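Visitor: I am new to this structure and should be grateful for a close look at a single part of it. Would you please guide me through the surroundings of the ligand, and then through the strands connected with that place?

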Amino acid sequence: MRFSKTFVKTLRTAPKDETARSASYLIRAGFVHKEMAGVYDFLPFGLKVMENIKNIIREELNAIGAEELQMTALQNPEPWQKSERWDSEKVDIWFKTELSSGGELGLAPTHEEPITNMMRTYIKSYKDLPAYVYQFQTKFRNELRAKSGIMRTREFLMKDLYSFTTDEKTHNTFYHQVENAYKRIYERVGLGDCTYQTFASGGIFSKFSHEFQTIIPVGEDTVYYNKDRSIVLNEEVVIPEVLDEFKVKKEDLESTRAAEVGNIFTLRYKYSEPLDLKFTDSDGEQKTVFMGCYGIGVSRVMGVIAEKFADDKGLVWPESIAPFKYYLVGIGENGVKAAEEIYAKDPDNILFDDRDLRPGEKFADSELIGIPYRIVISDKTLAENKAEITSRKDGKTELIDIDKILDN
Ligand code: ATP
Ligand code: MG
């Protein structure tokens, strides 16, 4: 991409009410635009990052046999009434509206009810099971406080996966596959060494659910962990009987702030029972479908990555999700000519800063935007038939032969 061809501009300042460093950088670097508190547009660079995260998630979920679909944001109250989650007194984050022809509608905060209801059309017999279905979908939640930029918003992108099985045993096997897929996902997006699978409260139906928590100071949650971090507990389950069960003492645990980047739940019959999702088993008996749900906050993951790796100059994207691999600057007439030739070799992976700006401004923007490698080519480097390549992560610079510059 040529920088001169996008409408996006980097900005000197971000809105004053943004307290998280990542939010301020994401706005200034042109990844997102703020509509209002907790509501953000994703601009071309930001959309690329989001798509890269989505593709990693998609690959890992497809690999365990899950199937992608897309459900609607507009919600019919009926299935939610059956599960007793329509009442705003009980679920306080609903955005609701009215049809002009009369009757209420909601904007989906999650999709257990509609997907359970929909599956009644397709699941009739044990032969129709298991089914593993996911989507990337915008969720709407009237959160009391929108904060930390794109880490907690009122409109956000979630990946939600639902499993439908004949029995608990099949469910457990899949649940375990999802745990492993999640580990690979967090590893691949760059959060592997700071994200832990934690025990959290599981509600009334199963003892624990699992959360995936990334350790980060701006996180809203508190987690407790033992020395080797083999046991990580969400604060909410740090109670005497749980501590006994894990054979740990509270005073031996350390605590830290963390952001919930995903979670997995064994739902059992929580939704299939009230919504009447049944199947005929091989013995001819009518049984209720066993369910699980598995979320990842895709836009929150992007915010957490932005926050985690940023430094005093700007964003630092892991290569796996960066909008481009290279940021290219040509200095002087010959430098620009040589840069054009490099750019032509791989335009999709290069952000070519061909704007009419001084090199210093381009360098500052390359640091703010956080592309993994900056390539600079000038008369000086051309004299040796080389270009300079600088890693955004550690600032190390190397001189490399021009024809090998895109090889690393
Ligand atoms: P939280 O405790 O952070 O409110 P939650 O328990 O409400 O999260 P779920 O309903 O299970 O979360 O949603 C699945 C995932 O979606 C969460 O793990 C989180 O990563 C993300 N998420 C939840 N709420 C928001 C939000 N308001 N903005 C951005 N991401 C969110
Ligand atoms: Mg919530």
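Guide: The account below begins with the ligand and proceeds from there to the strands.

The model is a predicted one. Within it, ligand 1 sits in the largest pocket. The elements that give two or more residues to the shell around this ligand are β8, which spans residues 155-165, and β13, which spans residues 254-268. Of the contributions to that shell, the one from β13 is the most, at 4 residues.

In total, 13 residues surround ligand 1, and the closest are Arg141, Glu143, Arg152, Glu260 and Asn263. By character, the residues of the shell divide into 5 charged, 4 polar and 4 nonpolar.

Several of the contacts may be followed atom by atom. Arg141 places a polar side-chain atom 2.7 Å from an oxygen atom of ligand 1. For Arg152, a polar side-chain atom lies 2.8 Å from an oxygen atom of the ligand. In the side chain of Glu260, an N or O atom is 2.6 Å from an oxygen atom of ligand 1. On its own, ligand 1 has 580 Å² of accessible area, and the protein covers 81% of this.

Let us now turn to β13 itself, and to the strands that pair with it. Strands of a sheet pair through backbone hydrogen bonds, in either a parallel or an antiparallel sense. Strand β10, made up of residues 208-215, pairs with β13 in the antiparallel sense over 6 bridges. In this pairing, Gln213 has Glu260 of β13 as its bridge partner. Glu260 is also one of the closest residues to ligand 1, so that a single residue links the ligand's surroundings to the pairing of β10 with β13.Strand β11, residues 221-225, likewise pairs with β13 in the antiparallel sense, over 5 bridges. Here Asp221 has Ala258 of β13 as its bridge partner. A further strand, β16, covers residues 290-297 and is joined to β13 by 6 bridges, the two running antiparallel. In that pairing, Arg268 has Met291 of β16 as its bridge partner.

For comparison, other pairings may be considered. An open sheet of 3 strands has the order β4-β6-β5, with antiparallel pairing. Its edge strands are β4 (74-75) and β5 (95-98), each of which pairs on one side only. Strand β6, residues 104-107, is joined to β5 by 4 bridges, and Phe95 stands opposite Leu107 in β6.

Another antiparallel pair consists of β20 (residues 386-391) and β21 (residues 397-401), joined by 5 bridges. Glu388 has Leu399 of β21 as its bridge partner. These two strands form a hairpin with 5 residues between them, and Gly395 in the turn has a positive phi of about 70 degrees.

Two details of the backbone complete the account. Most residues other than glycine have a negative phi, and most peptide bonds are trans. Glu84, although not a glycine, has a positive phi of about 60 degrees; Glu84 is found in the loop between α3 (77-82) and β5. The peptide bond from Leu129 to Pro130 is cis, with omega near 0 degrees, and Pro130 has its place in the loop between α4 (112-119) and β7 (131-140).

Key
Residues numbered from 1 in each chain as written. Chains lettered and ligands numbered in written order. Predicted model: local features only at pLDDT ≥ 70, side-chain atom pairs only at ≥ 80, totals over all residues. Heavy atoms only, no water. Near = heavy atom within 4 Å. Polar contact = N/O pair within 3.5 Å; in protein donor to acceptor, adjacent residues only side chain to side chain. Areas by Shrake-Rupley, 256 points an atom, 1.4 Å probe, with all protein chains shown as cover. 1 Å grid on protein atoms, 1.4 Å probe; cavity = no way out; pocket = protein on both sides within 12 Å on 5 of 7 lines; lining within 4 Å. Sits in = over half its atoms within 2 Å of the grid points. Nonpolar A, V, L, I, M, F, W, Y, C, P; charged D, E, K, R; others polar. Pairing = 2+ DSSP bridges.
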